[in-house]
Protein chains: 2
Amino acid sequence: MNHSIEALFKPTNIAIIGASRKQESPGRSILRNLLKSDFHGQIFPVNPKAEEVMGIRCYSSVKDIKEKIDLAFIAIPRDAVVLAMEECAQRDIQAAIVISAGFKEVDEEGAELEDELTSIAKKHGMAVLGPNCLGVINTDREVKLNGTFAQHNSAEGNISFISQSGAVGVYALEFAAQSQVSFAKFASLGNKAVSNENDLLEAYMEDEQTKVIIAYLEDFKNAPKFFALAEKLRKQVPGKPLLVLKSGGSESGKRAAASHTGALTESDEVLDHLFDQYGIIRMPNLESLLNSAKAFSTEQIPRGNRLCIITNAGGPGIITTDAAEKVGLKVPPLSEELQKELSADMPATVSCDNPIDLVGDADESRYEKALKILIDSQEMDILLLLCTPQLMTDMEEIARTIGKYAEKAKQSGKMIVAVFADFAPESKVKDILIEKKVPYYQFGNHAVDACAAAVKYQKMKTKPKEESKQDFQIDKTQTEKLIRKGQKRENKFLTEPEAYKVFSDYGLKIADYDVAKNKEEAQKLAGSIGFPMVAKVVSEDVIHKSGNNGVVTHINNEEDLMQAYDNIHKGVNNIKPEADIKGILLQKMQKEGVELIIGARYNENYGHLLMFGLGGIFVELLKDVSFRRVPLDKQEAMDMIEGIRTKKILEGMRGRPAIDKEALADYLLRLSQLVKDFPQIKEIDINPVFGLQKGALIADARLIIRDSE
Amino acid sequence: MNHSIEALFKPTNIAIIGASRKQESPGRSILRNLLKSDFHGQIFPVNPKAEEVMGIRCYSSVKDIKEKIDLAFIAIPRDAVVLAMEECAQRDIQAAIVISAGFKEVDEEGAELEDELTSIAKKHGMAVLGPNCLGVINTDREVKLNGTFAQHNSAEGNISFISQSGAVGVYALEFAAQSQVSFAKFASLGNKAVSNENDLLEAYMEDEQTKVIIAYLEDFKNAPKFFALAEKLRKQVPGKPLLVLKSGGSESGKRAAASHTGALTESDEVLDHLFDQYGIIRMPNLESLLNSAKAFSTEQIPRGNRLCIITNAGGPGIITTDAAEKVGLKVPPLSEELQKELSADMPATVSCDNPIDLVGDADESRYEKALKILIDSQEMDILLLLCTPQLMTDMEEIARTIGKYAEKAKQSGKMIVAVFADFAPESKVKDILIEKKVPYYQFGNHAVDACAAAVKYQKMKTKPKEESKQDFQIDKTQTEKLIRKGQKRENKFLTEPEAYKVFSDYGLKIADYDVAKNKEEAQKLAGSIGFPMVAKVVSEDVIHKSGNNGVVTHINNEEDLMQAYDNIHKGVNNIKPEADIKGILLQKMQKEGVELIIGARYNENYGHLLMFGLGGIFVELLKDVSFRRVPLDKQEAMDMIEGIRTKKILEGMRGRPAIDKEALADYLLRLSQLVKDFPQIKEIDINPVFGLQKGALIADARLIIRDSE
């Protein structure tokens, strides 16, 4: 762990600047929490107006403290914060947590103060949480640091939490106090003036106490770095999942923008794809984030998605089966042998199908028999124990029995979860299961959601990203020249024939085409290209060809061709009289294959993204496209292709042949290399490209360059 | 309420047959619960082996009781149940609740016993719950009947619950005891040998204490009746919603079957459409059923879907906004005027956008100011109050303030819901809000799910089904003859030209066609129909024309036609040498319009269903079809058309013209009349029908008749 970040979590001595005597002030609350949590180091309250706070001697400034301080909490009015930071820096304090609010979240003046704060921290290499944050927790028994002003601390656990919002942190702590969720570390990011999610992610990656990392984020300080860290986590720390609740994709404005094709890369759904790419599990809401973290904290990762439900009640079993299948789990029937084995030990009324219905009068011994047999068998990956209180049901005894087998289930590679209709506050079911590390839920749908997240993680963790293989041998001379040329143009784009040259050099195939400068050339070309043809305007002044009357399709003979030639000239001149028409591009009309779209786009937050989808009306109608960040590897290219909802059409339905996915994956990798080689590319739109039984053919394209790099 | 059903819920005197002295026996538990709930009537335990149970005198048989008994609980071994039922009938007992299990759910013998039980009940007009059920609850303070063997009773409320599963009932009661859910009536259906969901639905419809009806169902005893009752509820008792959790659509087998087109009508998704048709709100799981019931129980139905979030914490506000938009609610910005009005009263740090962020130090007065202004404005339909405990937050005080405005909000037509990060068992927030009828949730996603259900209800309740208008003037003579003819055939179907005759008589238009008996006729017809054409075999032995080489498309000239004629004869004979080919149907190939599919199918559970969807690969690839039950009205026909996900394509995209939805709706209504007139029709498949700018043209069809009516 980075030295100054370590000071945030494992300080020896702490100063609390602003340790007020006022009840309910943040400074005092932090002091109270530190005392209550039994912090192992020494605490130095700083408050020039007080001799002591809560019985501890006060200092009027950090400068007066003789002992070496590792971490300073700053909880004073905003105008005094910069000076306090300066003093901390002078005292060589490694880390600070700025609780005070009123910075960039409020006004211009606050933003300026925040900038000053940032530069002090950077100059001195300090780690700083905040400003405007809740604080930090480290439940490690060697440290016992509760440096927040929240009401609840967490029990010692193995989940570490990064929360951009302090209130979400409080929310989680409140929930955790009554549920089965315990944290190793917790950090509230606040305004992220200095330290951010990446610093903490790195710290949690290395932290041995941490087995599960969860985060609530509203934006990324540096998304490419976050993804790189996630990838590193997947490769270097297998078994430590990263669950993220990323919010804020929904303000009406953003959503509206995302509803038209051009803005697809700006839509919140892109993140779903990128999270998949880097093995990050995206959670839809806080409840599911915490519920899934609970399951992961028991460190059971199932080998597959076969769920066995063992229940003492039919109805809840069926409801849970429905929920399980809805999230992609399978609830397959047991083999005949297993059914026989089970029923040998059970009363006749017991149903040994899946769900296994132990019937209402089931006691713990019936659960035990079923558990034993299922643990020994290899038919299932996840065992879900469901219990509803019926007349004879001793829920605590049943919980104890399940707990007894938790370790054995884990050893046999099975995930085990429990659902109890247990709502009474005085019930001990929860505690019994916590102790034995059995994740516990009150409703089946929560349990299966958590199981689905675990199955998803299992799949993702088995395919860490290969070292990028985009090392195609490309002669870049022509592309370099063309891109430089495009950059100088007002519209910053390459004409269609220029773009085709670039793609050809990168190994992509274009449907037969050529450019005619006059009618005679057009007639000659028709002979070599062949009908039916498409004619398209070539002009540095026309980006949107069809929107400017620049395209005629279905040209079936010479007469059509001559007319098209004239119509394009006239039509374009009508709309753009100033347009300089360099010629007419004639291209063979593609009749076979599946119409697809491939694109690349530079996204300010995430860098270059590739896009793949069905073309034609599908992209508009269904927005059925998949995304990956550049560079991508072969597996990721295939994932993109397989990632669209309509992928069945690629596999040949209704008598159509299956298309060549390998060729498409190859195109994606080559485009990945192209935008890596020329990061000044803003946008590539290959629409359509026809996927064929063998290979793929581009039938239209454009390439736009960024204003500045 | 039906007299004998009334005896179930409002008995004066109760007999408990099987009032055992054994702890934890169902009979004794029911007795205990009746005593505990302070039942207003008199209780007569029946147990020949005991003098008294729990201090109450026992009878050895119902025959020995002198007083008139209204309701008998039967909780004795299954073999004794029939005799007990007989005795009840002789004593003229109106209603029985058979707790005993071991009937048709277990074995053949049990099924026979159940049949005997049913016939006794039917003969004497008795209402019977069970066998194999949990019992009944009526919290009405005039009755106070807790006739279940569950551990928890419910507080007096206005939600009435029908549960096919006893365990789901127990689950709900356990949850309810700790949440804000209270029941008016509860009934466990068990095996539904006599009384079923329809009897109870009817009773709850009439019951004044009941304001919300919820049901857990695994199957329907009589689905058409259920739908008819739901429709009657919507028309005659506006404001009393029906929420149903219907499970069991998921066993692997059913799902697999549902994945191919032919089985679409058997898939669980059909029910989503039928529930929409009849104004039933389908809930995905037990938790959401109970959470939504909680919101409905406060009898606030919002006028629209504009949600305003008022929060003291940004993060949870954003998360809730995301969740709201995901379920179709809008979180629109406040008008400038309203923002001004709000900010005039608030500190500068408060954000008066939507979510309104009152900031962490908000006390109840800040909530109060916001509430007052929002209640008076007409910009929002739902107010969601969100509260996270921060340093100064007095959650109970804030809850009290919200409670104070609940009635006022309701009066102004607004729905109000609260989300508190309040997990401590000792907190009073819940009770404060319950008392003031503010639905309360611990997570924003639960609240917005409930709000979305309320918005859905509001929309559905405003459009009760019109009296069916299928009174087209049709001459049925030819159709009658043809259907009778088809019925006599082995394959029970009409040939394509016969089906076309039926559709023509019913006012549907067919793409130009005629049948050629020989090549000369074919040549002659080509002249009148015109190329391009399709040729299709006409034979009473060939249902699946293309699967039997019976179709040639894209016939562009006479030569093609002659070849097609020969190919079809040869091809069909190859596969079906015995096929008697009556002729070749020649039909104009349709080039314009949108390829659609319209179908009708007889479903054993639901009766005749109509289906509408995009044709071609869409139906297979996306399974994007909508369903309604016959008969349907104009609005429902339009709902079907508008109900597909890809409806944008009907409205004209990418320069295509919009198609004539009115004409399609007309076709649906005419087909509805056709299957109503001829219920022996099993299946109609019109695939494709081309939707045109004006009208619609059928280009292929088949009609199959049922084996028996």
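This report looks at how chain A and chain B of a predicted model sit together.

## How the two copies are related

Let's start with the symmetry. Turn chain B by 180°, with 0.0 Å of shift along the axis, and it superposes on chain A with an RMSD of 0.1 Å. The two copies are thus related as by a two-fold rotation axis.

To find this axis in the structure, look for B:Pro425: of the residues of chain B, its C-alpha comes closest to the axis, at 3.2 Å. Both copies use the same surface, since 100% of the contact residues of chain B recur in chain A.

## How much surface is shared

The size of an interface is often given as the accessible area lost when the parts come together. Here, chain B and chain A bury about 5900 Å² between them, and 63% of that area lies on carbon and sulfur atoms. Three residues are worth picking out on screen: B:Tyr171, B:Leu391 and B:Leu621 supply 13% of the area that chain B buries against chain A, more than any other three residues.

The contact itself takes 72 residues from chain B and 72 residues from chain A.

## What the contact is made of

Which helix of chain B gives the most to the side that touches chain A? That is helix α11, residues 314-326, with eight residues. Sorted by class, this side of chain B has 35 nonpolar, 22 polar and 15 charged residues.

Now for the pairings across the interface. Zero salt bridges are found between chain B and chain A, but six residue pairs are in polar contact, with both residues at pLDDT 80 or more.

Terms used: Residues are numbered from 1 along each chain as its sequence is written. Chains are lettered from A and ligands numbered from 1 in the order in which they are written. This is a predicted model: local features need pLDDT of at least 70, side-chain atom pairs count only at pLDDT 80 or more; totals for chains, interfaces and linings use all residues. Side-chain values use heavy atoms; hydrogens and water are left out. Copies are superposed by least squares on the C-alpha atoms of residues with pLDDT of at least 70 in both. Contact means heavy atoms within 4.5 Å. Buried area is the accessible area (1.4 Å probe) that two parts lose on being put together, summed over both. A salt bridge is a side-chain nitrogen of Lys or Arg within 4 Å of a carboxyl oxygen of Asp or Glu. A polar contact is a pair of N or O atoms within 3.5 Å; within protein, one must be able to donate a hydrogen and the other to accept it, and residues adjacent in sequence count only if both atoms are side-chain atoms. Helices (H or I, at least four residues) and strands (E, at least two) are DSSP runs, numbered from the N terminus. Ala, Val, Leu, Ile, Met, Phe, Trp, Tyr, Cys and Pro count as nonpolar, Asp, Glu, Lys and Arg as charged, and the others, Gly among them, as polar.
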